[in-house]
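Got the viewer open? Let's take a walk through this one, one selection at a time.

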Amino acid sequence: MEGDLRIMGTWNSRGLRGSTLEDMINHSNEVYREKKLALIQKIPTPITPITIEKESRHITLAYFDQKSTVDYIGAVQGIPVCFDAKECRVKTFPLQNVHEHQVRFMEEFEGQGGIAFIILYWTALDEIYYLPFDELLGFWNRMKKGGRKSFTYEEMDRSWKIGKSRDVLVHYLEMIQRDLDRREDTFC
(Lines give C-alpha, C1' and ligand atoms only; values in the text may rest on other atoms or scores of the structure.)
Protein backbone atom coordinates (compact mmCIF):
# COMPACT_ATOMS: atom_id res chain seq x y z
CA MET A 1 0.00 0.00 0.00
CA GLU A 2 2.76 2.45 0.90
CA GLY A 3 4.40 1.88 -2.48
CA ASP A 4 1.09 2.77 -4.15
CA LEU A 5 0.97 6.05 -2.24
CA ARG A 6 4.44 6.99 -3.41
CA ILE A 7 3.52 6.39 -7.01
CA MET A 8 0.31 8.41 -6.73
CA GLY A 9 1.86 11.26 -4.69
CA THR A 10 3.61 14.20 -6.27
CA TRP A 11 7.40 13.98 -6.31
CA ASN A 12 7.91 17.17 -4.31
CA SER A 13 5.22 16.83 -1.65
CA ARG A 14 6.38 17.35 1.92
CA GLY A 15 5.43 13.81 2.90
CA LEU A 16 7.68 12.28 0.25
CA ARG A 17 10.76 14.38 0.85
CA GLY A 18 13.64 12.24 1.98
CA SER A 19 12.15 9.05 0.58
CA THR A 20 14.83 8.68 -2.10
CA LEU A 21 17.66 8.86 0.42
CA GLU A 22 15.83 6.65 2.89
CA ASP A 23 15.16 4.06 0.19
CA MET A 24 18.87 4.02 -0.70
CA ILE A 25 19.88 3.73 2.97
CA ASN A 26 17.31 1.00 3.61
CA HIS A 27 18.70 -0.99 0.69
CA SER A 28 22.25 -0.47 1.94
CA ASN A 29 21.25 -1.56 5.44
CA GLU A 30 19.71 -4.73 4.05
CA VAL A 31 22.96 -5.54 2.23
CA TYR A 32 24.96 -4.82 5.40
CA ARG A 33 22.63 -7.14 7.35
CA GLU A 34 22.89 -9.93 4.78
CA LYS A 35 26.69 -9.67 4.85
CA LYS A 36 26.63 -9.57 8.68
CA LEU A 37 28.46 -6.24 8.67
CA ALA A 38 25.83 -4.25 10.57
CA LEU A 39 22.34 -4.42 11.94
CA ILE A 40 20.65 -1.04 11.51
CA GLN A 41 16.94 -0.51 11.97
CA LYS A 42 14.76 2.29 10.62
CA ILE A 43 12.88 3.86 13.51
CA PRO A 44 9.29 4.56 12.45
CA THR A 45 8.16 8.15 12.86
CA PRO A 46 5.66 8.22 15.72
CA ILE A 47 2.21 9.39 14.65
CA THR A 48 -1.07 10.03 16.41
CA PRO A 49 -4.06 8.81 14.36
CA ILE A 50 -7.00 11.21 14.09
CA THR A 51 -9.30 9.38 11.65
CA ILE A 52 -9.43 5.64 10.95
CA GLU A 53 -11.61 4.13 8.20
CA LYS A 54 -13.94 1.66 9.89
CA GLU A 55 -14.10 -0.94 7.12
CA SER A 56 -10.46 -1.09 6.09
CA ARG A 57 -9.05 0.06 9.44
CA HIS A 58 -6.61 2.31 7.56
CA ILE A 59 -5.47 5.56 9.11
CA THR A 60 -6.71 8.38 6.86
CA LEU A 61 -5.71 11.36 9.01
CA ALA A 62 -2.86 11.62 11.51
CA TYR A 63 -0.22 14.03 12.71
CA PHE A 64 3.45 13.48 13.43
CA ASP A 65 4.48 13.48 17.07
CA GLN A 66 7.32 15.92 17.75
CA LYS A 67 9.48 13.74 19.95
CA SER A 68 10.98 11.28 17.49
CA THR A 69 14.69 10.75 18.06
CA VAL A 70 16.66 9.74 14.96
CA ASP A 71 15.83 7.88 11.76
CA TYR A 72 18.15 4.89 12.29
CA ILE A 73 19.70 3.05 15.20
CA GLY A 74 21.68 -0.16 15.49
CA ALA A 75 25.13 -1.69 15.75
CA VAL A 76 28.10 -1.99 13.42
CA GLN A 77 30.46 -4.78 14.47
CA GLY A 78 29.45 -4.24 18.10
CA ILE A 79 29.59 -0.44 18.01
CA PRO A 80 26.29 1.35 18.69
CA VAL A 81 25.35 3.84 15.99
CA CYS A 82 22.48 6.24 15.44
CA PHE A 83 21.91 8.66 12.62
CA ASP A 84 19.41 10.82 10.86
CA ALA A 85 18.94 11.06 7.07
CA LYS A 86 18.41 14.51 5.56
CA GLU A 87 18.02 15.82 2.03
CA CYS A 88 18.73 19.34 0.87
CA ARG A 89 17.85 20.73 -2.57
CA VAL A 90 19.91 23.91 -2.32
CA LYS A 91 23.48 24.56 -1.17
CA THR A 92 22.38 25.75 2.29
CA PHE A 93 21.12 23.36 4.97
CA PRO A 94 18.75 24.99 7.49
CA LEU A 95 19.46 23.79 11.02
CA GLN A 96 15.73 24.00 11.76
CA ASN A 97 15.59 20.63 9.96
CA VAL A 98 17.35 19.14 12.99
CA HIS A 99 15.42 19.44 16.23
CA GLU A 100 16.84 20.27 19.65
CA HIS A 101 15.71 16.93 21.12
CA GLN A 102 17.49 15.10 18.29
CA VAL A 103 20.74 16.93 19.00
CA ARG A 104 20.41 16.16 22.72
CA PHE A 105 19.67 12.48 22.00
CA MET A 106 22.70 12.22 19.71
CA GLU A 107 24.87 13.95 22.32
CA GLU A 108 23.72 11.53 25.02
CA PHE A 109 24.18 8.59 22.63
CA GLU A 110 27.79 9.61 22.03
CA GLY A 111 28.21 10.09 25.78
CA GLN A 112 27.36 6.39 26.15
CA GLY A 113 30.13 5.39 23.73
CA GLY A 114 28.05 5.30 20.56
CA ILE A 115 28.58 7.08 17.26
CA ALA A 116 26.01 9.61 16.04
CA PHE A 117 25.98 11.33 12.67
CA ILE A 118 23.84 12.72 9.87
CA ILE A 119 23.74 11.38 6.33
CA LEU A 120 23.10 14.44 4.19
CA TYR A 121 22.12 14.21 0.53
CA TRP A 122 22.70 17.39 -1.47
CA THR A 123 20.16 16.42 -4.14
CA ALA A 124 20.96 19.11 -6.72
CA LEU A 125 24.60 17.97 -6.70
CA ASP A 126 23.77 14.27 -6.29
CA GLU A 127 26.31 14.03 -3.47
CA ILE A 128 25.90 12.29 -0.13
CA TYR A 129 27.95 13.19 2.94
CA TYR A 130 28.58 11.83 6.40
CA LEU A 131 28.36 14.67 8.91
CA PRO A 132 30.01 13.59 12.17
CA PHE A 133 28.13 14.63 15.28
CA ASP A 134 30.91 16.93 16.50
CA GLU A 135 30.72 18.90 13.25
CA LEU A 136 26.94 19.11 13.47
CA LEU A 137 27.31 20.27 17.06
CA GLY A 138 29.74 22.98 15.92
CA PHE A 139 27.15 24.36 13.48
CA TRP A 140 24.43 23.98 16.12
CA ASN A 141 26.40 25.85 18.79
CA ARG A 142 27.25 28.61 16.32
CA MET A 143 23.51 29.07 15.72
CA LYS A 144 22.76 29.04 19.47
CA LYS A 145 25.32 31.81 19.98
CA GLY A 146 23.51 34.02 17.49
CA GLY A 147 25.32 32.94 14.33
CA ARG A 148 24.01 31.48 11.11
CA LYS A 149 20.92 29.31 11.35
CA SER A 150 22.26 27.10 8.58
CA PHE A 151 25.46 25.79 7.11
CA THR A 152 26.49 25.69 3.49
CA TYR A 153 27.74 23.03 1.13
CA GLU A 154 31.00 24.98 0.97
CA GLU A 155 31.46 24.48 4.73
CA MET A 156 31.29 20.69 4.37
CA ASP A 157 34.54 18.75 4.56
CA ARG A 158 34.56 17.04 1.14
CA SER A 159 36.58 14.15 2.51
CA TRP A 160 33.40 12.92 4.25
CA LYS A 161 31.69 12.23 0.91
CA ILE A 162 30.04 8.81 0.97
CA GLY A 163 30.73 6.53 -1.94
CA LYS A 164 28.78 3.62 -3.29
CA SER A 165 29.69 0.17 -4.44
CA ARG A 166 28.02 -2.23 -6.80
CA ASP A 167 25.46 -3.40 -4.26
CA VAL A 168 25.64 -0.73 -1.52
CA LEU A 169 24.08 2.55 -2.63
CA VAL A 170 25.12 4.57 0.45
CA HIS A 171 28.33 2.97 1.73
CA TYR A 172 28.52 4.82 5.03
CA LEU A 173 30.42 2.07 6.90
CA GLU A 174 33.67 3.42 5.45
CA MET A 175 32.93 6.80 7.02
CA ILE A 176 32.12 5.23 10.39
CA GLN A 177 35.53 3.55 10.30
CA ARG A 178 37.15 6.88 9.46
CA ASP A 179 35.24 8.53 12.32
CA LEU A 180 36.47 5.80 14.71
CA ASP A 181 40.06 6.18 13.50
CA ARG A 182 39.87 9.95 13.98
CA ARG A 183 38.59 9.50 17.52
CA GLU A 184 41.39 7.06 18.33
CA ASP A 185 43.96 9.55 17.04
CA THR A 186 42.42 12.24 19.26
CA PHE A 187 42.69 10.10 22.41
CA CYS A 188 46.20 8.75 21.75
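Start by selecting Tyr 72 and Phe 83: Phe 83, in β5, is the bridge partner of Tyr 72. Keep in mind as you click around that this is a predicted model.

Now widen the selection to the two strands, β4 (residues 72-76) and β5. They pair in the antiparallel sense, over 5 bridges. Follow the chain from one to the other and you'll see that β4 and β5 make a hairpin, with 2 residues between them. Pause at the turn and pick Gln 77, which has a positive phi of about 50°.

Next, select the whole of β5, residues 79-88. How many of its 10 residues are buried? The count is 7, so β5 is mostly covered, with buried meaning under 20% relative accessible area.

Stay on β5 and add strand β7, residues 115-122. These two strands run parallel, joined by 8 bridges. For a pair to zoom in on, try Val 81, which stands opposite Ile 115 in β7.

Last stop: Val 168. You'll find Val 168 in the loop between β9 (150-152) and α5 (173-187). Is Val 168 buried or exposed? Val 168 counts as buried because its relative accessibility is 4%, and the cut-off for buried is under 20%.

What does Val 168 touch, leaving aside its neighbours within four places in sequence? Show Ser 28, Val 31 and Tyr 32: Val 168 is in contact with these residues. Then put a distance label between the C-alpha atoms of Val 168 and Glu 30. They are 138 residues apart along the chain, yet the label should read 9.1 Å.

Definitions and conventions:
Residues numbered from 1 in each chain as written. Predicted model: local features only at pLDDT ≥ 70, side-chain atom pairs only at ≥ 80, totals over all residues. Heavy atoms only, no water. Helix = DSSP H or I, 4+ residues; strand = E, 2+ residues; numbered from the N terminus. Buried < 20%, exposed > 50% of the residue type's maximum accessible area, 1.4 Å probe, protein only. Contact = heavy atoms within 4.5 Å. Pairing = 2+ DSSP bridges.
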